[in-house]
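Hi everyone, thanks for making time for this. I'd like to walk you through one structure, a few spots at a time, so please bring it up on your screens.

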Amino acid sequence: MAAGTNALEGNKTITLIGADGEAVRIGQVEFMPEGEAVRIQVKLDGKDFSDEFLSMRPFRCLSRPSQMWCHLAYPYPLQDRVTLDDLRDLVYRLMFLWRPYDKVGVDAWNGLYFKLKPTADGRLIGDLHEADYKVLASHPKLV
């Protein structure tokens with residue numbers, strides 16, 4: 001079977017798996033065929049999310065033992081379409097900022113994203129990477 005042949009079909013659960021093996025379900029993504037690509041709809045509705053108001057903005061955050069992860073809504077329009085070779089819109093829908101508990105706000109310097117790739121068994125997996133999201137800190141409609 002080719003890598004990821006059914007990775008972009010149906011409803012999939014989005015789960016974060018920590019280095020210690022702890023799995024936290026954070027939401028789901030629905031894949032809907034559309035021409036040569038697949039339309040996506042992401043819902044971050046895991047029970048571990050809390051609504052926070054940080055740095056003068058609302059965030060949905062996950063409290064973890066050493067830091068809080070806050071979802072960063074991508075501020076630019078997306079087509080919400082992916083292919084096995086281009087998962088960019090899904091990556092953009094799954095961006096986070098981390099913040100230590102001793103800080104009041106979030107710092108866009110502390111960005112997190114997942115480099116996604118399909119597996120032979122039809123899943124998408126992603127390695128965690130850090131990024132500077134200062135360019136995304138101010139919504140373009142507000143600047």
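Let's start at Thr119: is this residue buried or exposed? Thr119 has a relative accessible area of 12%, and the cut-off for buried is under 20%, so Thr119 counts as buried. One thing to keep in mind as we go: this is a predicted model. As for where to look, Thr119 sits in the loop that links β9, residues 111-118, with β10, residues 124-131. And what does its side chain touch? There is a polar contact between the side chains of Thr119 and Asp121, at 2.3 Å.

Those two strands, β9 and β10, come back when we turn to the largest pocket. The space in that pocket is about 880 Å³. Together with β1 (10-17) and β2 (23-34), β9 and β10 are the elements that each give two or more residues to its lining. Which element gives the most? That would be β1, with six residues. In total, 30 residues line the pocket, and the ones nearest its centre are Thr15, Leu16, Ile17, Phe114 and Gly126. For those of you thinking about chemistry, the lining splits into 17 nonpolar, seven polar and six charged residues.

Now let's move over to another set of strands, beginning with β4, residues 49-54. This strand runs antiparallel to β5, and six bridges join the two. If you want a landmark, find Phe49, whose bridge partner in β5 is Leu62. β4 and β5 make a hairpin with two residues between the strands, and in that hairpin Ser55 takes a positive phi, near 50 degrees.

Carry on along the chain and β5, residues 57-63, pairs with β6 in turn, again in the antiparallel sense, over three bridges. These two strands also form a hairpin, this one with four residues between them. Here is a nice detail: Cys61 stands opposite Cys70 in β6, and a disulfide joins the pair, with an S to S distance of 2.2 Å. How many disulfides does the structure hold? Just one. As a reminder, a disulfide is a covalent bond between the sulfur atoms of two cysteines. The link between Cys61 and Cys70 is right-handed, with 105 degrees about the S-S bond. Both ends are out of reach of the probe: Cys61 has a relative accessible area of 0% and is therefore buried, and Cys70 is likewise buried at 0%.

Let's stay with β6, residues 68-71, for a moment. What about its two faces? Both are covered, with Met68 and Cys70 buried on one side and Trp69 and His71 buried on the other. On top of its pairing with β5, β6 is joined by four bridges to β8, residues 96-99, and these two strands run antiparallel as well. Take a look at Trp69 there, because the partner is easy to spot: in β8, Trp69 is bridged to Trp98.

That's my tour, and I'm happy to go back to any of these spots with you.

Terms used. Residues numbered from 1 in each chain as written. Predicted model: local features only at pLDDT ≥ 70, side-chain atom pairs only at ≥ 80, totals over all residues. Heavy atoms only, no water. Buried < 20%, exposed > 50% of the residue type's maximum accessible area, 1.4 Å probe, protein only. Pairing = 2+ DSSP bridges. Polar contact = N/O pair within 3.5 Å; in protein donor to acceptor, adjacent residues only side chain to side chain. Disulfide = S-S within 2.5 Å. 1 Å grid on protein atoms, 1.4 Å probe; cavity = no way out; pocket = protein on both sides within 12 Å on 5 of 7 lines; lining within 4 Å. Points joined across faces, edges and corners; volume = space filled by probe spheres on them. Nonpolar A, V, L, I, M, F, W, Y, C, P; charged D, E, K, R; others polar.
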